[in-house]
Amino acid sequence: MYLHLGQNEIVPERRIIGIFDLDKCSTSKRTMDYLKQAEKDSVVLDVSGELPKSFVVCDHPYHPQIVYLSQLNTSTLKGRVESDKLVL
């Protein structure tokens with residue numbers, strides 16, 4: 001199964017570690033430190049095309065983790081994951 005994150009970016013569902021709401025998580029110092037470090041490590045991919053609403057952390061074959069910034073909110077991404085599972 002795959003999850004479409006927006007802007008032609010699709011990730012294998014098995015690689016997803018977590019889906020996070022950017023507004024809710026951005027108040028946490030730990031989360032902000034994590035995102036700043038990910039940015040320094042060049043493992044943040046902005047696939048939002050506009051103001052991001054969520055971020056998705058995935059494992060990656062060439063990096064410990066990769067962070068995708070998406071314009072879709074977490075409920076939309078969660079719904080896409082769940083709708084794929086119902087089809088099977």
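In the predicted model, Ser 42 is placed in the loop that runs between α2 and β4. The phi angle of Ser 42 is positive, at about 60°, although the residue is not a glycine. With a relative accessibility of 59%, Ser 42 counts as exposed. A second residue of this kind is Asn 8, with a phi near 65°, again a positive value in a residue other than glycine. Asn 8 belongs to the loop between β1 and β2 (9–12), and its relative accessible area of 75% makes it exposed. As background, most residues other than glycine have a negative phi.

Another loop, the one between β5 and β6, contains Pro 64. Pro 64 is exposed, at 75% relative accessibility. Its C-alpha atom is separated by 9.1 Å from that of Val 43, although the two residues are 21 residues apart along the chain.

The strands were examined next. Four of them form an open sheet with mixed pairing, in the order β3-β5-β6-β4. The edges of this sheet are taken by β3 and β4 (44–46); each has a single partner strand, so one side of each has no neighbour in the sheet. On average, and with direction ignored, neighbouring strands of the sheet are turned by 20° against each other. In general, the strands of a sheet pair through backbone hydrogen bonds, in either a parallel or an antiparallel manner.

Both manners of pairing occur here. Strands β3 and β5 are antiparallel and are paired over five bridges; within this pair, Asp 21 has Ser 54 of β5 as its bridge partner. Strands β5 and β6 also run antiparallel and are joined by five bridges, and here Val 57 has Val 67 of β6 as its bridge partner. Strands β4 and β6, by contrast, run parallel and are joined by three bridges. Asp 46 stands opposite Leu 69 in β6.

Strand β5 is mostly covered, with five of its five residues buried. From this strand, Ser 54, Val 56 and Cys 58 point one way, while Phe 55 and Val 57 point the other way, and all are buried. Strand β6 (residues 66–70) includes Ser 70. Ser 70 is buried, with a relative accessible area of 0%. When residues up to four places away in sequence are not counted, Ser 70 touches Leu 5, Val 47, Ser 48, Pro 52, Lys 53, Ser 54 and Leu 77.

A search of the whole structure for aromatic pairs gave one. It consists of Phe 20 and Phe 55, whose ring centres are 5.0 Å apart and whose planes meet at 20°; the pair is therefore stacked, because planes under 30 degrees apart count as such. The two rings come from distant parts of the chain: Phe 20 is in strand β3 (residues 16–21) and Phe 55 in strand β5 (residues 54–58), 35 residues apart. The two residues fall into separate accessibility classes. Phe 20 is partly exposed at 31% relative accessibility, whereas Phe 55 is buried at 3%.

The surroundings of Phe 55 extend beyond this pair. Leaving aside neighbours within four places in sequence, Phe 55 is in contact with Gly 18, Ile 19, Phe 20, Leu 22, Cys 25, Thr 31, Leu 35, Val 67, Tyr 68 and Leu 69. Phe 55 also belongs to the largest nonpolar core, which has 21 residues; Leu 5, Phe 55, Val 67 and Tyr 68 have the most contacts inside this core. At least two residues of the core are supplied by each of β1 (2–6), α1 (22–25), α2 (29–40), β5, β6 and α3 (74–87).

The cysteines were considered last. A disulfide is a covalent bond between the sulfur atoms of two cysteines. The count of disulfides in the model is zero. Cys 25 is in no disulfide, and the nearest cysteine sulfur to its own, that of Cys 58, is 15 Å away. A disulfide would require the sulfur atoms to lie within 2.5 Å. Both residues are nevertheless covered: Cys 25 counts as buried at 18% relative accessibility, and Cys 58 counts as buried at 2%.

Definitions and conventions:
Residues numbered from 1 in each chain as written. Predicted model: local features only at pLDDT ≥ 70, side-chain atom pairs only at ≥ 80, totals over all residues. Heavy atoms only, no water. Phe/Tyr/Trp six-rings, centres within 6.5 Å; stacked < 30°, edge-to-face > 60°. Helix = DSSP H or I, 4+ residues; strand = E, 2+ residues; numbered from the N terminus. Buried < 20%, exposed > 50% of the residue type's maximum accessible area, 1.4 Å probe, protein only. Contact = heavy atoms within 4.5 Å. Core = buried A, V, L, I, M, F, W, Y, C linked by side-chain atoms within 4.5 Å. Pairing = 2+ DSSP bridges. Axes fitted to C-alpha atoms, helices over the stretch in contact; angles between N-to-C directions.
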